[in-house]
Amino acid sequence: MADELNTETAGATPAAKPARRESVFHRLYVGTGAFDIVGKRKRWYVFFAVLVLVCLASIGIKGFNLGIEFEGGTQIQMPAQGANGPITADDAKRAFADALGEQAESAQTVGVGNAATVQLRSSTLDADQVGKVKQSLFDELKPLGSNGQPSAQAISDSAVSASWGQEISRQALIALGVFMVLVTVFLAIYFERWMAITALIALVHDILVTAGIYSLVGFEVTPATVIGLLTILGFSLYDTVVVFDKVKENTRGILGLTRRTYGETANLALNQTLMRSINTSVIALLPVLGLLIVGYILLGSGTLQDLALVQLTGMLAGVLSSLFLATPLLVDLKMRDPKYKQQAERVRARRANQARKAAERDADFDAADDEALDAELRKEKAYAAAASVPARTPKAQPRRGRPSGKRKR
């Protein structure tokens, strides 16, 4: 990597000036291994361990804010325009409390403009309770019907059974299990066993972190959330596979080489794919952000918002795990193999030998002879400049004119 190359060439020009420090963006673009991600993997392990523990604690203690599709209940909906002006979610909750003497579990405005509606969700209500709530809403808020006049028919209700959400969850778990089995088989065949294991660990991390953030923030879990969670699995694995493919390419035949260790070669592969991973992630996140803005600002809380939230959270977790967790973990697992340990010892022995030879050359160097050294450096610069300047005497150009009629021999 960059430090190794500098060590190997340090003895050639002992009095040379240190190279100018390159910018972060330049190092990202060239991908020469300037970012030591694998070498600092213990820091990343601590970060991910703390993150996963916090998420697990939140899931176990706080739980999830399950939507009506999972818990069951009654949903009452009416237009957000009333005879006395716009109807807010707080207005609807007050009318609900006046009717039953208890608060609704949730109230939200969905949509914008004339299509905006107010939705109330509560535990399961019987027919008499639903009638009291609808009458209270009409008496206090007078929602407008399609003809522009206050109408009790504009208030609708629906009962949702918890079995529907449970069935969706069961099918999602089955799909997740089948997906992970197929992915494990594919990765084990295309790559190797340790790569398949680390890719699955990163995938489980993404699922836990996404679920934990939903629990921490209190986002409502709906069927759209479950669907969105399944969609992020492919993105997470895609980024990991891209990095692993480069690691596989760089480490081919490494056991017979002594230039870099397996960890250094894997770190170089990470740097070479780092810019691509960032570009891919940004391009993928932009439409998700657009979906979130449209779902939240323009259309209000709803299915689009739920889908965008889980995709945004899962994609960010996937990028972090594919870059800072999967490859470092792969290096630790591979270095348990005696063959890779022996190769790392040969690399260190070669470098120690080179350092010893460089020290011997430095011992023979006369540092007091500054004038001779400066003269040699100026001569080298003059040679380099002359090599890059075109010749002063241009080549003779062939004469142009009328043909003489003589044939060249």
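## Helix H6 and some aromatic pairs

The buried residues of H6 in this predicted model are Val-130, Val-133, Ser-136, Leu-137 and Leu-141.

Trainee: Do they line one face of H6 or lie all around, and within what arc do they fall?

Mentor: An α-helix has 3.6 residues a turn, so residues three or four places apart point the same way. Look down the axis of H6: the buried residues line one face of the helix, because they fall within an arc of 130°.

Trainee: And which residues of H6 are exposed on the other side?

Mentor: The buried side packs against strands S2 (73–79), S3 (81–82), S6 (117–122) and S7 (156–160), plus helix H5 (89–100). Turn H6 over and you meet its exposed residues, which are Ala-127, Asp-128 and Lys-132.

Trainee: How far apart are the end C-alpha atoms of H6?

Mentor: H6 takes in residues 127–141, which makes 15 residues. At 1.5 Å a residue they should span 21 Å. The model agrees with that, as the end C-alpha atoms are apart by 21 Å.

Trainee: On to the rings. Is the pair of Phe-47 and Phe-48 stacked or edge-to-face?

Mentor: There are six aromatic pairs by the rule used here. In the pair of Phe-47 and Phe-48 the centres are 5.2 Å apart, with 70° between the planes. Planes over 60 degrees apart count as edge-to-face, so the pair of Phe-47 and Phe-48 is edge-to-face.

Trainee: Which of those two, Phe-47 or Phe-48, is buried?

Mentor: Buried means under 20% relative accessible area. Phe-47 has 39% and therefore counts as partly exposed. At 4%, the buried one is Phe-48.

Trainee: What about Tyr-262 and Tyr-340: how many residues apart are they?

Mentor: Their ring centres are 5.2 Å apart and the planes are at 75°, so this pair is edge-to-face. It links distant parts of the chain, with Tyr-262 in helix H10 (residues 262–298) and Tyr-340 in helix H12 (residues 338–363). Both are buried, Tyr-262 with a relative accessible area of 1% and Tyr-340 with 12%. Along the chain, the two are 78 residues apart.

Trainee: Which residue has its charged end over the ring of Tyr-190?

Mentor: Tyr-190 forms one aromatic cluster with Phe-186, Phe-191 and Phe-244. The charged end over its ring sits 4.6 Å from the centre and belongs to Lys-248.

Trainee: And which ring does Arg-193 lie over?

Mentor: Arg-193 is 4.3 Å from the ring centre in question. A charge sits over a ring only within 6 Å of the centre and 35 degrees of the normal. The ring under Arg-193 is that of Trp-194.

Conventions. Residues are numbered from 1 along each chain as its sequence is written. This is a predicted model: local features need pLDDT of at least 70, side-chain atom pairs count only at pLDDT 80 or more; totals for chains, interfaces and linings use all residues. Side-chain values use heavy atoms; hydrogens and water are left out. Rings of Phe, Tyr and Trp (its six-membered ring) pair if their centres lie within 6.5 Å; planes under 30 degrees apart count as stacked, over 60 as edge-to-face and the rest as tilted. Buried means under 20% relative accessible area, exposed over 50%, partly exposed in between (1.4 Å probe, protein chains only). Helices (H or I, at least four residues) and strands (E, at least two) are DSSP runs, numbered from the N terminus. The expected span of a helix is 1.5 Å times one less than its number of residues. The arc is that of the directions from the helix axis to the C-beta atoms. Contact means heavy atoms within 4.5 Å.
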